[in-house]
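Here is a short tour for anyone who likes to know how helices meet and which side chains sit where they do. Have the model open and follow along.

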Amino acid sequence: MSQAMKKLVVQHTECDEQLNRCEAALHKGDMAAAGRNFCLFSEQLDSHFTLEEDRLFPALEKATGMSHGPTVVMRAEHIEIRNLRDEASAAIAAGQADQALAVLDTLNVLIQQHNIKEENILYPMCGGSIPNLEAVLGMGSTCCGACSCA
């Protein structure tokens with residue numbers, strides 16, 4: 001797996017951990033900490049999805065010619081995840097810990113299923129299809145650009 005793909009997997013883990021911190025705070029009844037952690041999760045999620053939707057998916061579609069393939073499914077799942085995220089955010093903002101926890105349970109399941117598909121199917125497909133993947137994702141090496149590795 002390329003360094004770029006490994007970084008995307010790390011982003012999955014970081015989002016999961018932040019969401020888990022939010023859930024732990026909700027179980028303790030600490031709505032302020034839950035709100036802070038959820039806000040950080042939301043920012044990380046948006047950043048990750050933007051990277052995929054604006055760079056990775058278009059590059060895969062261009063490289064493979066598949067515009068109605070796995071990227072369509074991933075984008076649709078991103079919408080579902082964002083909708084659940086917004087529902088959980090509203091519950092947290094309203095101080096409804098039980099409702100937020102119920103939504104987070106569903107959100108966690110959906111995110112885990114989504115991540116498995118990306119990590120086991122989509123990312124390997126990208127790694128094998130997209131030339132200069134690190135550069136496409138803006139995760140390039142510190143190469144000087146004068147050699148053939150750039």
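What follows covers two helix pairs, one aromatic pair and one methionine. Please keep in mind that this is a predicted model.

**How the helices pack**

Two packed helices are described by the angle between their axes and the distance between the axes. Here are those values for the two pairs, with the residues that make up each contact.

| Pair | Angle | Axes | Contact residues |
|---|---|---|---|
| Helix 1 and helix 2 | roughly 160 degrees | within 8 Å | 16 nonpolar, six polar, three charged |
| Helix 2 and helix 3 | about 165 degrees | 11 Å apart | 13 nonpolar, five polar, seven charged |

Let us take the pair of helix 1 (residues 3-28) and helix 2 (residues 31-64), whose axes cross at roughly 160 degrees. Angles over 145 degrees count as roughly antiparallel, and that makes helix 1 roughly antiparallel to helix 2. The crossing of helix 1 past helix 2 is left-handed. In this contact you will find 16 nonpolar residues, along with six polar and three charged ones.

Now look at helix 2 with helix 3 (residues 70-93), which pack at an angle of about 165 degrees. Helix 2 and helix 3 are therefore roughly antiparallel to each other as well. Here, too, the crossing is left-handed. The contact of helix 2 with helix 3 has 13 nonpolar residues, and besides these five polar and seven charged ones.

**An aromatic pair in helix 2**

How many aromatic pairs does the structure hold? There is one, formed by the rings of F38 and F41. A pair of aromatic rings is described by the distance of the centres and the angle of the planes. For F38 and F41 the centres are 5.4 Å apart and the planes stand at 50 degrees, so the pair is tilted. Because F38 and F41 are three residues apart in helix 2, about one helical turn separates them. Are F38 and F41 buried or exposed? Both are buried.

**A methionine in helix 3**

Finally, find M74, which lies in helix 3. Its relative accessibility is 4%, so M74 counts as buried. Which residues does M74 touch, leaving aside those up to four places away in sequence? They are F57, H114, K117, E118 and L122. For a sense of distance, compare M74 with D30: the two are 44 residues apart along the chain, and their C-alpha atoms are separated by 33 Å.

Terms used: Residues numbered from 1 in each chain as written. Predicted model: local features only at pLDDT ≥ 70, side-chain atom pairs only at ≥ 80, totals over all residues. Heavy atoms only, no water. Axes fitted to C-alpha atoms, helices over the stretch in contact; angles between N-to-C directions. Helix = DSSP H or I, 4+ residues; strand = E, 2+ residues; numbered from the N terminus. Parallel < 35°, antiparallel > 145°, perpendicular 65-115°, else oblique. Left-handed = near helix turned anticlockwise from the far one by under 90°. Nonpolar A, V, L, I, M, F, W, Y, C, P; charged D, E, K, R; others polar. Phe/Tyr/Trp six-rings, centres within 6.5 Å; stacked < 30°, edge-to-face > 60°. Buried < 20%, exposed > 50% of the residue type's maximum accessible area, 1.4 Å probe, protein only. Contact = heavy atoms within 4.5 Å.
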